[in-house]
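Subject: Structure handover

Hi,

Here is the structure for you to look over. My notes on what I found follow below it.

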Amino acid sequence: TWSKGAEALLVTSANAARAIGQAPRDLPVYAVGAATAGALRAQGFERLTVGSAGVADLGRDRLALRLQH
């Protein structure tokens with residue numbers, strides 16, 4: 001089951017997009033690229049923000065997250 005407190009999803013691959021079957025479709029979703037976004041649209045997600053340079057770009061520019069290794 002999905003957390004009722006989830007505010008958004010960050011999806012890092014088309015395979016991950018196909019694997020999140022039960023996620024609420026009304027959540028905003030951040031996809032790392034066009035292929036991931038296409039897989040999410042095929043699953044019925046519409047509130048998409050699509051990055052162009054991978055998860056670090058999406059995290060930095062879209063979510064204001066700081067990714068550390």
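Alanine 42 is exposed, with a relative accessible area of 67%. That value puts alanine 42 in the exposed class because the cut-off is over 50%. Please keep in mind that this is a predicted model. Alanine 42 belongs to helix H2, which covers residues 34–42. Its C-alpha atom is 9.1 Å from that of alanine 17. Along the chain, these two alanines are 25 residues apart.

Threonine 36 also sits in H2. Is threonine 36 buried or exposed? Its relative accessible area is 5%, so threonine 36 is buried, as the limit for that class is under 20%. Leaving out residues up to four places away in sequence, threonine 36 touches Val11, Thr12, Ser13, Ala14, Ala17 and Ala31.

Now the sheet. It is open, has 3 strands and runs in the order E1-E2-E3, with parallel pairing. E1 and strand E3 (48–50) are the edge strands, and each pairs on one side only. On average, neighbouring strands are turned by 20 degrees against each other, direction ignored. As background, strands of a sheet pair through backbone hydrogen bonds, either parallel or antiparallel.

E1 and E2 pair in the parallel sense over 3 bridges. Leucine 10 stands opposite tyrosine 30 in E2.

How does H2 sit relative to the strands, and at what angle does H2 run to E3? H2 lies across E1, E2 and E3. The angle between H2 and E3 is about 165 degrees.

One residue of E3 is worth a look: valine 50 lies in that strand. Its relative accessibility is 31%, so valine 50 counts as partly exposed, between the 20% and 50% cut-offs. The C-alpha atoms of valine 50 and valine 32 are separated by 5.9 Å. In sequence, the two valines are 18 residues apart.

Last, the core. The largest nonpolar core has 14 residues. Which of them touch the most other members? They are Leu9, Val11, Ile20, Val29, Leu40, Phe45 and Leu48. Four elements give two or more residues to this core: strand E1 (9–11), helix H1 (14–19), strand E2 (29–31) and H2. The largest share comes from H2, with 3 residues. Val11, listed above for the core, is also among the residues that threonine 36 touches.

Best wishes

Notes:
Residues are numbered from 1 along each chain as its sequence is written. This is a predicted model: local features need pLDDT of at least 70, side-chain atom pairs count only at pLDDT 80 or more; totals for chains, interfaces and linings use all residues. Side-chain values use heavy atoms; hydrogens and water are left out. Buried means under 20% relative accessible area, exposed over 50%, partly exposed in between (1.4 Å probe, protein chains only). Contact means heavy atoms within 4.5 Å. A nonpolar core is a set of buried Ala, Val, Leu, Ile, Met, Phe, Trp, Tyr and Cys residues joined through side-chain atoms within 4.5 Å. Two strands pair if DSSP finds at least two bridges between them. Axes are lines fitted to C-alpha atoms, for helices over the stretch in contact, and angles run from 0 to 180 degrees between N-to-C directions.
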